[in-house]
Structure formats: C-alpha cells, structure tokens
Amino acid sequence: MLSVDALNQYYGESHTLWDLHLEVPAGECTCVMGRNGVGKTTLVKAIMGEVPVASGRIRYADDVELTKRRIEDRSRLGIGYVPQGRQIFPLLSVEENLRTGLAARGDGRRGNGRRTIPERVFDLFPVLEEMKQRRGGDLSGGQQQQLAIGRALVLEPRLLILDEPGEGIQPNIVTQIGEVIRRLITEDGLTVLLVEQKLPFARKYADRFAIMDRGRPVARGEIAELSDALIREHLTV
Ligand SMILES: Nc1ncnc2c1ncn2[C@@H]1O[C@H](COP(=O)(O)OP(=O)(O)O)[C@@H](O)[C@H]1O
Ligand SMILES: [Mg+2]
C-alpha cells in the first residue's frame, strides 16, 4: 500500500532521516516505533508532504509517487491523517470539526462528491454523535483524539496514518481507539500506519513493527518478533 525507499530529509543543516525504508502492506497495521526525537513525526510529515524531502521515493498504491504530488492530493488519493497532538479546532463544534474533514481538498471540490459525514464515523465513535454540538475545546483529551480520528475518516480513506494517538490519554479511551483501528482493518479493509511508543498497545493492535533510531531504520518484522533485546536497545530510555 505504501513503500518508502532511501528517504533523506533535512531541517536546515540537520540531517533528520537517513536512507529511510518503510513498507506498509495493505490490510494490516504497521507500527513505527522509536524513542522521542528519532524522526517518527518527520517521517509521517514527509509522507503527508508537509516537510520537503532531499531524496528518496514514497510510493503509494503501486503507482503513485507521493514526493511528486501536492499536499492536497493526499486526501483525494485516500490517505487520512491524524497528526500528533490532535490539532482539532477548539472553538468549532464537534460537527463543524468533522465537516472540516469533508473540505480537506485543495481543489475546492468535496471528497467523493460527499456533503455529509458518513454514519460510520458515529458508529465507530458514538461519543461524537452525543457531543455533536459541543465545542471541540470542551471535550476531554481522549474525546478530542477520537474527534481527530473521526475527522480523518469522513472522506473514507484507504490508508489511515495516526501519529501517537495514545499520547496523554486515559487508558480506557486508548483501548477504544485500538478497537476502532482493529475494526477499520477487519470490517472496512483499511490499511493503518501507526506511530506509537506504547508497547502493550503495539503488541495488541499492530501486525508488524518498524523501529527507527536517530533517523535510521534499524529493525522491522512481524509484531511477534519484537524481542526484548530490540526493545532494550532501541525503545527503552
Ligand atoms: N520543524 C523543525 N525544525 C527543526 N528541527 C526539527 C523540526 N521538527 C523536528 N525537528 C527535530 O527533528 C528530530 C526528529 O523529530 P521528530 O520527527 O518530531 O521525532 P519523533 O516524532 O520521533 O519524536 C528531533 O531532533 C527534532 O528536534
Ligand atoms: Mg513525534
């Protein structure tokens, strides 16, 4: 579904991603792991076109070279994105926040010709239906994360990218989010690229892992192969 090859990225003089490689097979959850500051968010932003890359390829759905596409193309191509820190609009209602997802196309047309929020979003997150009229900023952190995921789902993406959805959120909502990821994969056929440092969460919901260390890819495999030695070397502080 997504294939990153020999990707190099710099912030000014600072070389952040080094010959990065990542495979995200269709219909599975791939978890990118690594300590703070190793470049996980930079990788995701490079995929989303939010930071320029110096070299390398990012191939999507067999034949699309994302590095040559505009940022706005991602949503039309079926890529949904939940950024780290959620970034919902605190003064807009829940419903208005979800509608901003429908408008997330740079060419002014609506995604899939759609005007309405798919019922599926409320089916996955009943709390968003209950709180439709509340302001985004009045929700708890966990509810805001659910809203951010709901907003990414309104255009019915094929690939969903989530950057640390469990960060700073109460455990019961982290579990709910994990269950939604599982349902999106098994019931809707989505592919998920998850950035997550929480080991139990990754072990429970990911099919495969890819570890980064100081901007480089250092290990990958099926989640059952994530060994204590790898965790000690690359994940514990
Ligand atoms: N906009 C930026 N400008 C300069 N350096 C940045 C910027 N964003 C992140 N960095 C640096 O790039 C490195 C990787 O950051 P990031 O991708 O956020 O890591 P992670 O998501 O793994 O915690 C860090 O050293 C960070 O300080
Ligand atoms: Mg990050």
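Which backbone atom lies 2.7 Å from an oxygen atom of ligand 1? In this predicted model, it is a backbone N or O atom of Gly37 that sits at that distance from the ligand oxygen.

Gly37 has company around ligand 1. The surrounding residues are Tyr11 and Thr16, followed in the chain by Arg35, Asn36, Gly37, Val38, Gly39, Lys40, Thr41 and Thr42. Val38 also makes a backbone contact, with a polar backbone atom 3.3 Å from an oxygen atom of ligand 1. With Lys40 the side chain does the work: one of its polar atoms is 2.8 Å from a ligand 1 oxygen. As for cover, ligand 1 on its own would expose 570 Å², and the protein buries 55% of that.

Sorted by class, the shell around ligand 1 comes out as six polar, two charged and two nonpolar residues. Helix H1 gives the most to this shell, with three residues.

Then there is the metal. The magnesium ion, ligand 2, is coordinated by OG1 of Thr41 and OE1 of Gln84, at 2.0 to 2.3 Å. These two residues bring together distant parts of the chain, being 43 residues apart: Thr41 belongs to helix H1 (residues 40–48), while Gln84 is in the loop between strand E6 (79–82) and helix H3 (94–102). Thr41 thus turns up twice, as a residue around ligand 1 and as a magnesium ligand through OG1. Gln84, for its part, has a relative accessible area of 24%, so it counts as partly exposed, because the buried class stops under 20%.

Technical notes
Residues numbered from 1 in each chain as written. Chains lettered and ligands numbered in written order. Predicted model: local features only at pLDDT ≥ 70, side-chain atom pairs only at ≥ 80, totals over all residues. Heavy atoms only, no water. Donors = N, O, S within 2.8 Å, 3.2 Å for Na, K, Ca; no water. Helix = DSSP H or I, 4+ residues; strand = E, 2+ residues; numbered from the N terminus. Buried < 20%, exposed > 50% of the residue type's maximum accessible area, 1.4 Å probe, protein only. Near = heavy atom within 4 Å. Polar contact = N/O pair within 3.5 Å; in protein donor to acceptor, adjacent residues only side chain to side chain. Areas by Shrake-Rupley, 256 points an atom, 1.4 Å probe, with all protein chains shown as cover. Nonpolar A, V, L, I, M, F, W, Y, C, P; charged D, E, K, R; others polar.
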